[in-house]
Each structure stands twice: as C-alpha cells, then as structure tokens.
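Welcome, and please open your viewer before reading on. We will go from stop to stop, with something to select at each one.

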Amino acid sequence: MASTFRLEIATPERPLLNKEVSEAQIPAETGYLGILPDHAPLLAELGNGLLRYKTGGKEESLIVHEGFIEVLPNHVRILATAAENVSDIDVKRAEAAYERALERLTINVDDVDKARAKRALERAESRLSAIKSVH
Ligand code: ATP
C-alpha cells in the first residue's frame, strides 16, 4: 500500500502545485472530499475554499475556486478556474470584489448577470474566510 500520492493543482494561467502528499482535504461542490493514498478513482466538481494537504509531515493549504477534480490511483489532478496561496491573497482586493458583487446582487436592473455576481461573491467570501482561518 502506498503512503503518498501525487497532488497536482493548476489553473488555466499557471501550474500551482505538484507534490507527493500523504493526505488532502479538497472542497468539492458537494462538500469536502478526504483523500488518502489508494483512493478509488472518481471525478468531481471543485467548489470554493481552502484545500489542505500534508507533505513531509507538515500541513499546508491553498485556496481554490471552482473547476474539476480527477482522482486516479495515487494521482489527484485539480484544474481550478482560479487558485492562489493564502499568503498571496490581497485582502483589499477581495473586500472590493465582495462589495461589488453584493451591489450587483441587490440592485434591480436587467442587465446584471446574477449567477456571475453570486459566483464572484462566493470567491470573495472564501478568500476572506481563508485568511481568517489560516491566521
Ligand atoms: P477581481 O474582481 O478582484 O478580479 P475575481 O474573483 O473576479 O476578483 P478571479 O477571476 O477569481 O478574480 O481571479 C483572477 C486572477 O486574480 C486569479 O489569478 C486569482 O488568483 C487572482 N486573484 C483574484 N482575487 C485575488 C485576491 N483578492 N488576492 C490575490 N489574488 C487574487
């Protein structure tokens, strides 16, 4: 039985992580997926939030926003629409995105794409709560 598996995380912009890890907690659309070595293969939608993993006995984390999760024998691939290290999150930018999305959701005009505003609000909320939970 393997003791680690490869965790790869990329966005359309850049590769973000490619490491041997011993476990990972991944925010799927339907709730957190806990992955250990030799997990059964599956495909799932990625949600928003903190993705935690253990490597070399240390717990690390980064934040991901929507996309796909592919679990293969001892290889997990995540393609996220956006992702960043928590230390790279710009709080002011996330707060501004939050206010902007909230305003778009509450004003009553026809040309606002509410579903898009809701997703932007969720990204901003998960960035702001990631900062709180890590510090
Ligand atoms: P904004 O409206 O501020 O651009 P957004 O939620 O629309 O926010 P995304 O489309 O999720 O932004 O991300 C675009 C790029 O900007 C990605 O590379 C993402 O990692 C980065 N990014 C977005 N918001 C932040 C932030 N608050 N801090 C650091 N990087 C961010």
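Which pocket does the ligand take up? The ligand fills the space of the largest pocket. Keep in mind on this tour that the model is predicted.

**Stop 1: the whole chain**

Show the chain as a cartoon and colour it by secondary structure. You should find 2 helices and 7 strands. Starting at the N terminus, the order of the elements is β-β-β-β-β-β-β-α-α, with the strands ahead of the helices. Along its principal axes, the C-alpha trace spans about 55 × 30 × 25 Å.

**Stop 2: the first hairpin**

Now select residues 23-28, strand β3, together with residues 31-35, strand β4. These two strands pair in the antiparallel sense over 5 bridges, and they form a hairpin with 2 residues between them. To see one of the facing positions, pick Gln-25, which stands opposite Gly-34 in β4.

Strand β3 has another partner as well: it runs antiparallel to β5, and 4 bridges join the two. Click on Ala-28 and look across to Leu-46 in β5, its bridge partner.

**Stop 3: from β5 to β6**

Select residues 42-55 for β5 and residues 58-72 for β6. Here 13 bridges join the antiparallel pair. Leu-43 is a good place to look across, as it stands opposite Glu-70 in β6. Then follow β5 to its end, where a hairpin with 2 residues between the strands leads into β6. Gly-56 sits in that turn and has a positive phi of about 55°.

**Stop 4: from β6 to β7**

Add residues 75-85, which make up β7. Strands β6 and β7 are antiparallel and are joined by 10 bridges. Two facing positions to highlight are Val-64, opposite Ala-83 in β7, and Ile-63, whose bridge partner in β7 is Glu-84. Remember Glu-84, as we will return to this residue at the ligand.

The turn deserves a click too: β6 and β7 form a hairpin with 2 residues between them, and Asn-74 in the turn has a positive phi of about 55°.

**Stop 5: a parallel neighbour**

What is the sense of the pairing between β1 and β7, parallel or antiparallel? Select residues 5-10, strand β1, and compare the directions: β1 and β7 pair in the parallel sense, over 5 bridges. Glu-8 stands opposite Arg-77 in β7.

**Stop 6: around the ligand**

Centre the view on the ligand and show the side chains around it. How many residues surround the ligand? There are 13, and the closest are Glu-13, Glu-84, Asp-90, Arg-100 and Arg-123. By character, the shell divides into 5 nonpolar, no polar and 8 charged residues.

Next, colour β7, α1 (91-106) and α2 (114-134), each of which supplies at least two residues of this shell. Helix α1 gives the most, with 4 residues.

**Stop 7: contacts at the ligand**

Turn on distance labels for three residues:

- Glu-84, the residue from Stop 4, has a polar side-chain atom 2.4 Å from an oxygen atom of the ligand.
- Asp-90 takes part through its backbone, where a polar atom is 2.7 Å from a nitrogen atom of the ligand.
- Arg-123 has an N or O atom in its side chain that is 2.8 Å from an oxygen atom of the ligand.

To finish, draw a surface over the protein and look at how the ligand is covered. On its own the ligand has 590 Å² of accessible area, and the protein covers 73% of it.

Note on methods: Residues are numbered from 1 along each chain as its sequence is written. This is a predicted model: local features need pLDDT of at least 70, side-chain atom pairs count only at pLDDT 80 or more; totals for chains, interfaces and linings use all residues. Side-chain values use heavy atoms; hydrogens and water are left out. A residue is near a molecule or strand if one of its heavy atoms lies within 4 Å of it. A polar contact is a pair of N or O atoms within 3.5 Å; within protein, one must be able to donate a hydrogen and the other to accept it, and residues adjacent in sequence count only if both atoms are side-chain atoms. Accessible areas come from the Shrake-Rupley method with a 1.4 Å probe; for residues, only the protein chains shown count as cover. On a 1 Å grid over the protein atoms alone, a cavity is a set of points where a 1.4 Å probe fits but cannot get out, and a pocket is an open set with protein on both sides within 12 Å along at least five of seven lines; lining residues have an atom within 4 Å of a point. A molecule sits in a cavity or pocket if more than half of its atoms lie within 2 Å of its grid points. Ala, Val, Leu, Ile, Met, Phe, Trp, Tyr, Cys and Pro count as nonpolar, Asp, Glu, Lys and Arg as charged, and the others, Gly among them, as polar. Two strands pair if DSSP finds at least two bridges between them.
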